[in-house]
Amino acid sequence: MGKYTVAIVRYERPLESVRRAVDLCKGLAHLPHKAKVFIKPNIVFWTRTTPFPKWGVVTTSRVVEDMVILLKEREVEEITIAEGITTFDPQDRETPAHAFESLGYPILRERYGIKTLNVFERPFKKVELGAGVVLNFNPDILESDFVVNLPVLKTHAQTIVSLGIKNLKGLIDVASRKKCHSPDTVKDLNYMVARLANKLPPSFTLLDGIYTTERGPFFEGRLRRSNLLIASSDIFSADKVGAKVLGYEPSQVPYLVHAAQDFKRPLDLSDVDVIGEEIESVASFHEYAFPYTEDGMLPRPLEKLGIKGLSYPQYDSTICTYCSGFTTVMLMAIANAWKGKPWDEVEILTGKRMKPTPGKKKTILLGKCMVQANKNSKDIQEAIEVKGCPPSLQDALNALKQAGIDANPAFFEKMDMAAGSFMKRFEGKPEFEESFYKVV
Ligand code: SF4
């Protein structure tokens, strides 16, 4: 059997670089005549409140428009750009609309006649993905003739890398997203993610690495101008090469290990031809894990402040995006509240699997899952329950106060502002261009 082709191209100029990546791997060679095409960018986060770092977080509008142009050159008439942005309130229709507007998608609508779609405004369809995984998927992608998948080349705190297959998680409903972060130690997040592409129509994946990210855009995160495009008609091959470029062997990435077993494919690159740039010439190691103390009980940024009397154990794969959205704000609020006097043996537990550490005096159970998992624990002296799924910001603030951590309410009232505060890092760095996220 022939090998799968993956093209690695250095991004140099609008349209021509994407064209080269597509041509080298013959990415649109199997585009059916009069195809209904579904484009999936990656808009993992958005806020209307403040500008925030999008580099290496959101697919560049430059790459999206270039792909639309290449499809139009092939006389594709029906093109839909769709995303299911995670918002704190799943009923929020304004934030996704603001994202599409800010990214210039209305101009693409006018210029090329494409459609845009917030998948939360559509019904979802129950889909069996094999191996016992059943998730509610957006039906538009499943009913399209061809998918153009446009993830960002980045690492991820829970899945090590977030590439083509993981990008499809943006097309399942809220219940399915929560389900993916299962407490089951075998059928866990990686097991679920590995199946996301199992019912995918014919597709082309282009990993947008104009900007890449390690450890996300906040705190210890680092965004880089990497100027890379990785393209393939085979999503699994694109992800294997993407992982190598970010410095990880596919065998180190659990969802790729599951996918290889599922697809009955080798985990190494023995079934892949890499053309264009060599992996070795473009690879650079990107950290993925948020740094914690050696015992995993406190984030390093809090340790550096000298914080005592607090345990905030390292997140695991069971905390879903809705609860983990709290983490940035909680950490900022806690850091700000530290005045040098040790807190009274407080522990904050998250996700679905954590157990209390015996001897702690106050245990904050963040979210419905933690409350249910530990409500009868004998190792808790004083439980401070933050119910709700996801919990409310006010309840989280009250819980900190009850535990003796006098957090400033402003962090919770203006939660989105936290994302904006990280923009300062990019002042005076011309390589971080906002224009990549505009259509002109
Ligand atoms: S409580 Fe949090 S971790 Fe549990 S399902 Fe809800 S959002 Fe996810």
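**Exercise 1. Find the domains, and describe how they meet.**

Step 1. The chain of this predicted model is divided into domain 1 (4–289) and domain 2 (300–422).

Step 2. Take the centres over C-alpha atoms: those of domain 1 and domain 2 are separated by 31 Å.

Step 3. Now list the contact. Domain 1 contributes 21 residues, and domain 2 contributes 17 residues.

Step 4. Sort the domain 1 side by class. Where it touches domain 2, it has 10 nonpolar, seven polar and four charged residues.

**Exercise 2. Decide how far helix H9 is enclosed.**

Step 1. Locate the helix: H9 covers residues 235–245.

Step 2. Apply the cut-off. A residue is buried if 20 or more other C-beta atoms lie within 10 Å of its own.

Step 3. Check the residues. Among those buried in H9 are Ile235, Phe236, Asp239, Lys240, Lys244 and Val245.

Step 4. Conclude. Buried residues make up 11 of the 11 in H9, so the helix is largely enclosed by the rest of the structure.

Step 5. Look past the end. Glycine 247 follows H9, and its phi is positive, near 100°.

**Exercise 3. Trace the hairpin of E5 and E6.**

Step 1. Find the strands. E5 spans residues 125–128 and E6 spans residues 134–137.

Step 2. Give their pairing. It is antiparallel, over four bridges.

Step 3. Pick one bridge. Lysine 126 has asparagine 136 in E6 as its partner.

Step 4. Inspect the turn. Five residues lie between the two strands of the hairpin, and glycine 130 in the turn has a positive phi of about 90°.

**Exercise 4. Work out the order and edges of the four-stranded sheet.**

Step 1. Read the order. The open sheet runs E13-E14-E15-E16, with parallel pairing.

Step 2. Identify the edges. E13 (310–311) and E16 (382–386) each have a single partner strand, so one side of each is left without a neighbour in the sheet.

Step 3. Examine one pair. E13 is joined to E14 (residues 346–349) by two bridges. In one bridge, serine 311 is partnered by glutamate 347 of E14.

Step 4. Add the helix. H15 (residues 393–402) packs on the sheet and touches E15 (362–366) and E16. The direction of H15 makes about 165° with that of E16.

**Exercise 5. Describe the shell around the ligand.**

Step 1. Name some members. The surrounding residues include Lys178, Ile319, Tyr322, Lys352, Lys368 and Pro390.

Step 2. Assign them to elements. Helices H13 (321–337) and H14 (368–374) are the elements that give two or more residues to the shell.

Step 3. Count by class. The shell has seven nonpolar, two polar and three charged residues.

Definitions and conventions:
Residues are numbered from 1 along each chain as its sequence is written. This is a predicted model: local features need pLDDT of at least 70, side-chain atom pairs count only at pLDDT 80 or more; totals for chains, interfaces and linings use all residues. A residue is buried if 20 or more other C-beta atoms lie within 10 Å of its own, exposed if 12 or fewer, and partly exposed in between; C-beta atoms are placed from the backbone. A residue is near a molecule or strand if its C-beta atom, placed from the backbone, lies within 6 Å of it. Ala, Val, Leu, Ile, Met, Phe, Trp, Tyr, Cys and Pro count as nonpolar, Asp, Glu, Lys and Arg as charged, and the others, Gly among them, as polar. Two strands pair if DSSP finds at least two bridges between them. Two residues are in contact if their C-beta atoms, placed from the backbone, lie within 7 Å. Axes are lines fitted to C-alpha atoms, for helices over the stretch in contact, and angles run from 0 to 180 degrees between N-to-C directions. Domain bounds come from an automatic or database domain assignment.
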